[in-house]
Amino acid sequence: MLKFPTTDRGVDLEYEADPGISNAWVWQDLEQKRETQISRVFSFAVGDLQHPPTPETDLDTYVYRFNFGTFEGDYLKIPGRVLGIKNDLLIVRGVELKRSIFAAERHVSVFGRISDLLGHSDPIVIGGPRSGAIPLDVFQELLKKFPNTHELNRYAAARVHTILSQYMDGMRDARGIYEAYLKKKTLLANTAKLDLDVVKQMEVEKYVLIRDLINDALTTKKDWPETDWQKLMTSFLLLLFPKYIKVLQNITIHDYYSNPDKKTNRYIDIGLIDVNGNLDVIEVKKPFDDKILRKGDYRGNSIPTSELSGSIMQAEKYIFHLSKWGVSGEKTLTEKYAAQLPPGMKIRISNPKAIIIVGRDQIGGASMTASQLLDFEVIKRKYTNMMDIITYDDLLRRLNNTIAALEIS
């Protein structure tokens, strides 16, 4: 049983075992290891314990009371070591503390997960007026989104499905469509007369196949790492973007600007070559929700998330370094990829552009509002001369519109 009593200086944590269960193990840990872990989330050193027990103390009924956090202005400061993380925690005063704020289902540390995503040891700030604080309502929504046991079981099942689907019959409908597509393609190749209706139907089935594969992945493969999403999309990029004839992967380019004293190698995950040999860049990100626009607005306007801004910046720097590399880069890349290109084709770096496939058209579990969609369109148009920003939902809409247009034409 946990309690968080408030004092003049801060908040303590009280721990008492449930009736019929001995809690002597806590004192044994503190004596032998000089530290202990309470409720699988909180870590305390022997010096954190107030009023340690004496040899005469009945440990089965003893209530442990630890220093937990101290007040600093508008916040309660909890040392990172108490939570087993590298960052101290500042949580706005007045929040009712309970274990569920710190631990999700199956003893998952909430702040442990947040800390793992941070590349610094600055404090994590929840609520209040401090700059960079996570708003309290956003944090409460985050707690709701941590998976419960049922969801974790479903997640585990999805992981099994992800692995086995590579070897067993998953996506049966998509395979059936693909097999029918190949069969008709073979028949058409063996027919002297060109049947435009068959060609049109093949085009429809091609786009239906791609749409169904993406739909299936968005439903059952949410746990895929980014590399697997890149592999999936790479398999039909040339079908999605017919102007390109070749996909190149892991392209090494040279950066002479980040460090003027030496050449630095940069790596483009995926490049696309068009029919004239021009090189463009494509970035494929994971289809997370809430990765396009921030939930909060700025003076009535939606602004891009750090994920989207980072993806745009990354693409811009690739384009910058490619452009600066110029003729020398064209020669280097042409020689490296000559065996993968049509005979005599040269790679050209001529005003390269980028395509970014990222995120979903969803914020907080709901579709974007008309205002948010407008703001997103404004963001896309800002970069339209150098890149195309596409969400997975936008990609599906494009496929559906293409299919519908082919079916009625």
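Biologist: How do strands E5 and E6 pair, and over how many bridges?

Modeller: In this predicted model, strand E5, which covers residues 64-72, and strand E6, which covers residues 75-78, run antiparallel to each other and are joined over three bridges. Strands here are DSSP runs of E with at least two residues, helices are runs of H or I with at least four, and the numbering of each starts from the N terminus. Two strands count as paired if DSSP finds at least two bridges between them.

Biologist: Which residues stand opposite Glu 72 and Thr 70?

Modeller: Across from Glu 72 you will find Tyr 75 of E6, while Thr 70 has Lys 77 of E6 as its bridge partner. The hairpin formed by E5 and E6 has two residues between the strands, and in it Gly 73 takes a positive phi near 65°.

Biologist: And what does E6 do with E7?

Modeller: E6 pairs with strand E7, residues 89-92, in the antiparallel sense, this time over four bridges. If you look for Ile 78 in the structure, you will see Leu 89 of E7 standing opposite that residue.

Biologist: What is the strand order of that whole sheet?

Modeller: The sheet is open, its six strands follow the order E1-E2-E5-E6-E7-E8, and its pairing is mixed. At its edges are strand E1 (2-3) and strand E8 (124-126), each of which pairs on one side only. Helix H1, residues 24-32, packs on this sheet and touches strand E2 (10-15) as well as E5, and the direction of H1 makes about 70° with that of E5. A contact means heavy atoms within 4.5 Å, and the angles, which run from 0 to 180 degrees, compare N-to-C directions of lines fitted to C-alpha atoms, for helices over the stretch in contact.

Biologist: What should I know about numbering and confidence?

Modeller: Residues are numbered from 1 along each chain as its sequence is written, and side-chain values use heavy atoms, with hydrogens and water left out. As the model is predicted, local features need pLDDT of at least 70 and side-chain atom pairs count only at pLDDT 80 or more, whereas totals for chains, interfaces and linings use all residues.

Biologist: New topic: what order do the strands E9 to E15 follow in their sheet?

Modeller: Five strands make up this open sheet with mixed pairing, and their order is E9-E10-E11-E12-E15. Strand E9 (244-255) and strand E15 (387-390) stand at the edges with a single partner strand each, so one side of each is left without a neighbour in the sheet. From one strand to the next, the twist averages 30°.

Biologist: Do E12 and E15 run parallel or antiparallel?

Modeller: Strand E12, residues 354-357, runs parallel to E15, and four bridges join the two. Within that pair, Ile 356 stands opposite Ile 389 of E15.

Biologist: Which helices pack on this sheet?

Modeller: One of them is helix H9 (residues 226-234), which touches E9, strand E10 (264-274), strand E11 (279-284) and E12, and whose direction makes about 130° with that of E11. H11 packs on the sheet as well, touching E9, E10, E11, E12 and E15, with a direction about 90° from that of E9. H11 covers residues 306-336, and Phe 320 is found in that helix.

Biologist: How many helices and strands are there in the chain?

Modeller: The protein chain has 13 helices and 15 strands.

Biologist: What separates the C-alpha atoms of Asp 212 and Leu 399?

Modeller: Those C-alpha atoms are 10.0 Å apart, although Asp 212 and Leu 399 are 187 residues apart along the chain. Asp 212 lies in helix H8, residues 196-220. Across the chain, among contacts between residues at least 6 apart in sequence, 62% join residues at least 24 apart.
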